[in-house]
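Dear colleague,

I am passing on the structure we discussed, and my notes on the ligand, its surroundings and the backbone follow below it. Please read them with the coordinates open.

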Amino acid sequence: MALDIVKVDSVREAAATIAASGDAYFLAGGTILARVANTGGFPVRTMVLSDGLGLDAIAVDGDTIEIGAAATMTRIAAEPRLAFLRPVAESIGGPAIRNMATVGGNLFARYPYGDFAVALLALDAEVTIEDAEKTRTTGLDDFLASAPAGGIVRALRFKLPPDGAFRFTKVVRKHPHGASVLSIAAVLPETGGKVSNARVAYGAMSERPMRAKAVEGALEGRALDAQTLENALKVATDGCQPQTDPQATDWYRMTVLPVHLKRLLSGEGRF
Ligand SMILES: Cc1cc2nc3c(=O)[nH]c(=O)nc-3n(C[C@H](O)[C@H](O)[C@H](O)COP(=O)(O)OP(=O)(O)OC[C@H]3O[C@@H](n4cnc5c(N)ncnc54)[C@H](O)[C@@H]3O)c2cc1C
């Protein structure tokens with residue numbers, strides 16, 4: 001089947017081109033889309049190039065970070081101001097994949113992928129989307145919950161977490177890289193020895209990256225002591241609906257999640 005590659009001059013033109021066609025897609029790194037086009041997973045007749053649209057900038061304004069949707073995992077891993085995100089970026093594929101895989105594309109990755117989106121969810125990121133007529137900004141939770149469709153993601157914006165407050169773990173069967181059995185990201189700021197505004201997110205524990213709101217509730221306003229951990233672990237799997245795939249069964253994911261959450265909350269391991 002013939003494939004049209006379209007170069008556009010603006011993000012708006014890209015959005016309009018895609019909106020006007022039933023089988024046109026935005027091509028970022030292509031680590032997913034090129035494979036789909038080759039294997040015929042779904043019909044891809046047109047790819048709209050992201051090249052030259054200026055979507056790969058990383059900007060810092062005080063404690064606010066804005067990452068352009070076309071920034072690659074390699075770029076994130078090399079950015080000193082985002083050192084806390086390096087383990088997340090480096091957990092995604094091997095070097096060849098990371099050189100191409102973008103932050104924006106990660107929001108659209110299918111189960112069990114989306115590890116960077118999990119981190120952004122814990123960071124309470126906002127996403128800016130441009131469609132054929134307007135630009136809008138929404139919380140990443142809402143964006144992911146509405147099964148993202150339509151429009152081009154321009155950028156992700158979040159506040160830098162306090163030093164040491166961000167934690168991430170990814171469980172894989174094949175080291176050093178592999179698709180997630182599950183991943184967990186958390187931002188655990190502490191005020192006066194108590195957790196305040198905790199954000200916890202899971203990957204591969206439901207169809208899309210999800211917030212662990214019951215866990216956040218169990219942590220809020222409490223010291224991270226044994227009793228708090230016990231309370232949090234009791235609700236660790238609330239709302240989870242993992243799938244069975246070559247990495248793990250749904251049962252296994254439900255069973256091991258509390259073990260890894262406990263390690264992450266108690267600061268065991270490397271984050
Ligand atoms: C071998 C291999 C290993 C992988 N390992 C991992 C892993 O460990 N963890 C993980 O999370 N992922 C993994 N992935 C999946 C993938 O590489 C990443 O999720 C990557 O971030 C996707 O980004 P991309 O730029 O390549 O997306 P693309 O393939 O370019 O696009 C994917 C989809 O998103 C849409 N899209 C992309 N950017 C935008 C945008 N800005 N606005 C609107 N729509 C957009 C495209 O139209 C397309 O539908 C792996 C893939 C491969 C092939």
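By class, the shell around the ligand is made up of 16 nonpolar, 12 polar and three charged residues, where Ala, Val, Leu, Ile, Met, Phe, Trp, Tyr, Cys and Pro count as nonpolar, Asp, Glu, Lys and Arg as charged, and the others, Gly among them, as polar. This is a predicted model, in which local features need pLDDT of at least 70 and side-chain atom pairs count only at pLDDT 80 or more, while totals for chains, interfaces and linings use all residues. Residues are numbered from 1 along each chain as its sequence is written, and side-chain values use heavy atoms, with hydrogens and water left out.

Of the 31 residues around the ligand (each with a heavy atom within 4 Å of it), Phe26, Gly29, Thr31, Thr102 and Asp115 come nearest. Helix H6 gives the most to this shell, with three residues; helices and strands here are DSSP runs numbered from the N terminus (helices H or I, at least four residues; strands E, at least two).

Three polar contacts (pairs of N or O atoms within 3.5 Å) deserve a look. An oxygen atom of the ligand is 2.8 Å from a polar backbone atom of isoleucine 32, a backbone N or O atom of glycine 114 lies 2.7 Å from a ligand oxygen atom, and lysine 170 places a polar side-chain atom 2.8 Å from an oxygen atom of the ligand. Taken alone the ligand exposes 970 Å², of which the protein buries 90% (Shrake-Rupley areas with a 1.4 Å probe).

The ligand sits in the largest pocket, in the sense that more than half of its atoms lie within 2 Å of the pocket's grid points. A pocket is an open set of points on a 1 Å grid over the protein atoms alone, where a 1.4 Å probe fits, with protein on both sides within 12 Å along at least five of seven lines, and lining residues have an atom within 4 Å of a point. The residues of its lining divide into 26 nonpolar, 16 polar and seven charged.

Two backbone details remain. The peptide bond from tyrosine 111 to proline 112 is cis, with omega near 5°, and proline 112 lies in the loop between H6 and helix H7 (115-122). Aspartate 124, in the loop between H7 and strand S6 (126-130), has a positive phi, near 60°.

Best regards

Methods
A polar contact is a pair of N or O atoms within 3.5 Å; within protein, one must be able to donate a hydrogen and the other to accept it, and residues adjacent in sequence count only if both atoms are side-chain atoms.
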